[in-house]
Amino acid sequence: VDVDCWFGPVFLGGWNFNLYGNNYNSVYINSKGTISFGSGIIDWTPDEFPGATYNQIAGYWADADFRPGGELLYKITPEAAYFNFINVGYFNNHGNLRNTFQIIITPSTGGILNEGNNVQICFQDMAWAHGDVGGSSGFNGPNPGVVGADVSASSGPNIQFGRFNYNNANYNG
């Protein structure tokens, strides 16, 4: 993993994931803190939902940078897919602050998450809010980090849990 890249398609091992009524048997893993459906994404400028133009789940969509270290690991099982962004730095090649989070998706009949849920986003340690593009020192800029899920239609179904852009070093998700 580098600074601007995606990997996929990653097949879900025989089960489908339902995103707002659309079924997908594969996913793309994106270096900017998202997983997407139908195509990979290289977009370091997060858009507010529902304005984004991608079918995606944003664990923490921001200007992540793996060059100073960090890992992006995934595991596909018959019950779930796990996507782990571990100790990820921020653009431009900064490793002094790191974010660690996980996206879990399941089939509709999966028993991993509570009944009626097929997505979970988990946070372990969140130390930065935004990369250097349009801001400074990983904390402020015109496009805050985004957490949620969206479809490509500008007015389609979505859920935005938050936009994050504290203007100091006290950010801790």
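This report describes the strands, nonpolar cores, largest pocket and several single residues of one protein chain.

**Overall make-up**

The model is predicted. The protein has 173 residues, and 46% of them count as buried. Its secondary structure consists of 13 strands and zero helices, so every element in the order from the N terminus on is written β. Among contacts between residues at least 6 apart in sequence, 57% join residues at least 24 apart.

**The nonpolar cores**

In soluble globular proteins, nonpolar side chains tend to be buried together. In this protein the largest nonpolar core has 33 residues. Phe37, Ile57, Phe83, Phe85 and Ile105 have the most contacts inside this core. Two or more residues each come from strands E2 (17-19), E4 (26-30), E6 (56-61), E9, E10 (94-105), E11 (119-126) and E12 (145-150). Strand E9 gives five residues, the largest share.

Isoleucine 57 shows what such a position is in contact with. Leaving out residues up to four places away in sequence, isoleucine 57 touches Phe17, Gly33, Thr34, Ile35, Phe37, Ile103, Ile105, Val119, Ile121, Gly148 and Ala149. There is also a second, separate core of five residues, among them Phe49, Ala58, Trp61 and Val146.

**Strand E6 and its partners**

Is strand E6 mostly covered or mostly open? Six of its six residues are buried, so E6 is mostly covered, where buried means under 20% relative accessible area. Strand E5 (residues 34-36) pairs with E6 in the antiparallel sense over three bridges. Within this arrangement, serine 36 has glutamine 56 in E6 as its bridge partner. E6 also runs antiparallel to E12, and four bridges join the two. Here tryptophan 61 stands opposite valine 146 in E12. Trp61 and Val146 are both included in the second core.

**The largest pocket**

Rolling a probe the size of a water molecule over the atoms shows where empty space is left. The largest pocket has a volume of about 260 Å³. Strands E2, E11, E12 and E13 (158-164) each give two or more residues to its lining. The lining is made of 15 residues, and those nearest the centre are Asn118, Val119, Ala149, Ile159 and Phe161. What classes of residue line the largest pocket? There are 10 nonpolar and five polar residues, and no charged residues.

**Five residues compared by exposure**

The table gives the place and the relative accessible area of five residues.

| Residue | Place | Relative accessible area | Class |
|---|---|---|---|
| Asparagine 30 | strand E4 | 0% | buried |
| Tyrosine 82 | strand E9 | 19% | buried |
| Tyrosine 20 | loop between E2 and strand E3 (22-24) | 36% | partly exposed |
| Glutamate 79 | loop between strand E8 (71-76) and strand E9 (81-90) | 38% | partly exposed |
| Asparagine 87 | strand E9 | 40% | partly exposed |

Why does tyrosine 82 count as buried? Its relative accessible area is 19%, and the class takes in values under 20%, so tyrosine 82 is buried. Not counting residues up to four places away in sequence, tyrosine 82 touches Leu73, Tyr74, Lys75, Thr77, Gln102, Ile103, Ile104 and Ile112. Tyrosine 82 and threonine 106 are 24 residues apart in sequence, and their C-alpha atoms are 9.0 Å apart.

Asparagine 30, at 0%, is buried. Leaving aside neighbours within four places in sequence, asparagine 30 is in contact with Cys5, Trp6, Ile35, Ser36, Gly40, Ile41, Leu72 and Phe85.

Glutamate 79 is partly exposed. With neighbours within four places in sequence left aside, glutamate 79 is in contact with Thr106, Pro107, Gly110 and Ile112. How far apart are the C-alpha atoms of glutamate 79 and glycine 111? They are separated by 6.8 Å, although the two residues are 32 residues apart along the chain.

**Backbone details**

Most residues other than glycine have a negative phi, and most peptide bonds are trans. Tyrosine 20 has a positive phi, near 50°. Asparagine 87 also has a positive phi, near 50°.

The peptide bond from glycine 8 to proline 9 is cis, with omega near 10°. Proline 9 belongs to strand E1 (residues 6-11). Another cis peptide bond runs from phenylalanine 91 to asparagine 92, with omega near 15°. Asparagine 92 lies in the loop between E9 and E10.

How values were computed:
Residues numbered from 1 in each chain as written. Predicted model: local features only at pLDDT ≥ 70, side-chain atom pairs only at ≥ 80, totals over all residues. Heavy atoms only, no water. Buried < 20%, exposed > 50% of the residue type's maximum accessible area, 1.4 Å probe, protein only. Contact = heavy atoms within 4.5 Å. Core = buried A, V, L, I, M, F, W, Y, C linked by side-chain atoms within 4.5 Å. 1 Å grid on protein atoms, 1.4 Å probe; cavity = no way out; pocket = protein on both sides within 12 Å on 5 of 7 lines; lining within 4 Å. Points joined across faces, edges and corners; volume = space filled by probe spheres on them. Nonpolar A, V, L, I, M, F, W, Y, C, P; charged D, E, K, R; others polar. Pairing = 2+ DSSP bridges.
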